[in-house]
Amino acid sequence: MEKSFEEQGIREAIAHYVDGMRTGNVERLKRGFHEQAILCGYLGDELIAAPIAALYEWVVANPSPSVTGEPFDCEILEVEVTSRVATATVREKDHHGAVIDHFHLLKTGQQWWIVSKLWDAEP
């Protein structure tokens, strides 16, 4: 298994997340997340733990950075692959500040899917 080929698939799944969040496009987000994916992380001191549908609902209810003109940037800091599972660490910045996302991914067939997104404010 060639790591660069696998890493490309992982980066594509993360790109679906980034573009979906930037544009508010839920269908694009769904191209990166497994249907049973979960979210868990902190917004300030509030713990958020929910199925992926909660992210889709939030995106629909809030104007996207592409509409508001607010800053939004994501940088992949690290990708680690172990056969059919992977972790991608991403720094996400928007008008609220910076968070570090830990995406866990699973490969089914030839497709990489995000199965969980964990995050917290950047230290």
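Here is a short walk through the structure, from its sheet to a buried histidine and two cysteines. This is a predicted model, in which local features need pLDDT of at least 70, side-chain atom pairs count only at pLDDT 80 or more, and totals for chains, interfaces and linings use all residues. Residues are numbered from 1 along each chain as its sequence is written, and side-chain values use heavy atoms, with hydrogens and water left out.

Let's start with the sheet. Six strands (DSSP runs of E, at least two residues, numbered from the N terminus) form an open sheet in the order 2-1-6-5-4-3, with mixed pairing; two strands pair if DSSP finds at least two bridges between them. At the edges, strand 2 (46–51) and strand 3 (72–82) each pair on one side only. Strand 1 (residues 33–43) runs parallel to strand 6 (residues 111–121), and five bridges join them. Within this pairing, Phe33 stands opposite Ile114 in strand 6.

Now turn to helix 1 (residues 3–23), where you will find His16; helices are DSSP runs of H or I, at least four residues. His16 is buried, at a relative accessible area of 10% (buried means under 20%, exposed over 50%, partly exposed in between, with a 1.4 Å probe and protein chains only). Leaving aside residues up to four places away in sequence, His16 touches Arg28, Leu29, Arg31 and Gly32, contact meaning heavy atoms within 4.5 Å.

What about disulfides? The count is zero, a disulfide being a pair of cysteine sulfur atoms within 2.5 Å. The sulfur of Cys74 has its closest cysteine sulfur in Cys40, 19 Å away, so it is too far for a bond. Cys40 is partly exposed at 26% relative accessible area, while Cys74 is buried at 18%.
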